[in-house]
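User: Hi! I'm in my first year and would like a close look at one part of the protein shown here. Could you take me through it slowly?

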Amino acid sequence: MPRNELLVVFLLLSSTISHVGEATSSISAAGQPQKAMPIGRIRTYYIAADEVDWDYAPSGKDLIHGEKYHFQDDPASKGTIGPNATVYRKALFREYTNADFKTLKLRSEAWAHLGILGPLIRAEVGDTIEVVFKNNASHDFSVHPHGVFYAKSSEGASYQDETSGNDKADDNVAPGVTHTYTWLVPERAGPTEHEGSSAFWLYHSHVNESKDINSGLIGPIIITRRGMARDDGSPKDTDREFVAQFGLYDEHLSWYWDTNLKRLYGDPKNYEGTNIRIHDFHHFYTINGYIDGNGPMMTMHKGERVRWYVFANPNDEETWDIHTGHWHGQTAVIDHMRTDMIMLTPMMSAIADMVPDNPGLWLLHCHMPGHFSAGMRTRFQVLPQ
């Protein structure tokens, strides 16, 4: 069914349900009857794929230890023009203020920590999400969501699915082209009755998943339970939220490796890619695209209701995107269990609820020794009440 027809059916059905009285019920995500609710909002996001220079360590330092980088002393940097360079060409999802895509929408201080990630997409159960996507990059890209409800014209994934015409236009959005994705947010996109007030999903380009994500095209979706959302879509029972991506970026698998190779080595012949240490020099073990605490500080107050949304990237080479996240100084509740660690496998996510009780500057890191030493570590701050 075309996107516009699907949206009309959804709106008419929701309007009918909301007027037939309390005797009418629907089925919840858990399979239990519940009173029907009125139609929600249409939330529109203007998002582009932009080619940018991304710096994994803008300070030029390991901020966890307060030391300048000395990669020139590492044999793995052999052949590079600037051994301490941490800037790579990438493609990122960025949000704009409207459909002319001329003015970037500035991130608030509360969400500056998202770093390399695309803009946060929010909705409440019952809402409709519209993503007006423009491809400003030089390769075909798309926007594929997890969790929400979409027609074939809004799937954003390229494969043989026996569709044609407008139902294929979303699969590969060519450079310079704009496509609108429409995603409905039914009960099954939100949390179950046994979970908290929000569910966490991801969106990413799905033309060539590995190359697209290693290029930087991935972002978060948060869906709040019906009736539990503030006007901006955030859950009413939280004071502060953070998204933390434990992400390996393998620059060899990026669409921009050839560009970066020339930038970093001048003559590509200077790159000895058969040397495993030199090859792995271009793996970046990050939290939200930053190594060694270079991202904006994640700050909260003692006693606040803090919700963490955490996930891992999908890299299958030697299964390096298996991570064990650890918060120092605090504990959290994950799946009804109190803990200070979490296990993440590729593209899997989790929600951790924390009430910080121990003021100070604390470490958040992956406990895999090689990942920790390679830079997958940052800090968060708990201020007194």
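What gives the most to the lining of the largest pocket, and with how many residues?

Analyst: Happy to help! Please keep in mind that this is a predicted model. The answer to your question is E3, which gives the most to that lining, with five residues.

Let's start with the pocket itself. The largest pocket holds about 1,000 Å³ of space. Its lining is made up of 40 residues, and those closest to the centre are Arg-107, Ser-108, Trp-111, Leu-114 and Leu-120. Strand E3 covers residues 42-55. Along with E3, strand E14 (240-250), E6 and E16 each supply at least two residues of the lining. If you wonder how empty space can be found at all, rolling a probe the size of a water molecule over the atoms shows where it is left.

Two of those lining strands lead us to other parts of the chain. Let's follow E6 to begin with. Strand E6 (87-96) and helix H5 (276-280) are what the buried residues of helix H4 pack against. Helix H4 runs over residues 257-265, and its buried residues are Trp-257, Asn-260, Leu-261, Leu-264 and Tyr-265. Viewed down the axis of H4, these buried residues fall within an arc of 105°, so they line one face of the helix. The general idea is that an α-helix has 3.6 residues a turn, so residues three or four places apart point the same way. Asp-258 and Lys-262, on the other side of H4, are exposed. After H4 comes Gly-266, with a positive phi near 75°.

Now let's follow E16. Strand E16 (298-301) is an edge strand of an open sheet of five strands, whose order is E16-E24-E23-E18-E21. The other edge strand is E21 (341-344), and each of the two pairs on one side only. Pairing in this sheet is mixed, and the twist from one strand to the next averages 20°. Within the sheet, strand E18 (residues 323-327) and strand E23 (residues 360-366) pair in the antiparallel sense over three bridges. You can find one bridge by looking at Gly-325, whose partner in E23 is Cys-366. In general, strands of a sheet pair through backbone hydrogen bonds, either parallel or antiparallel.

Finally, a step back to the whole chain. The chain has six helices and 24 strands, and 49% of its 385 residues are buried. Among contacts with a separation of 6 or more, 75% come from residues 24 or more positions apart.

Methods: Residues numbered from 1 in each chain as written. Predicted model: local features only at pLDDT ≥ 70, side-chain atom pairs only at ≥ 80, totals over all residues. Heavy atoms only, no water. Buried < 20%, exposed > 50% of the residue type's maximum accessible area, 1.4 Å probe, protein only. Helix = DSSP H or I, 4+ residues; strand = E, 2+ residues; numbered from the N terminus. Arc of directions from axis to C-beta. Contact = heavy atoms within 4.5 Å. Pairing = 2+ DSSP bridges. Axes fitted to C-alpha atoms, helices over the stretch in contact; angles between N-to-C directions. 1 Å grid on protein atoms, 1.4 Å probe; cavity = no way out; pocket = protein on both sides within 12 Å on 5 of 7 lines; lining within 4 Å. Points joined across faces, edges and corners; volume = space filled by probe spheres on them.
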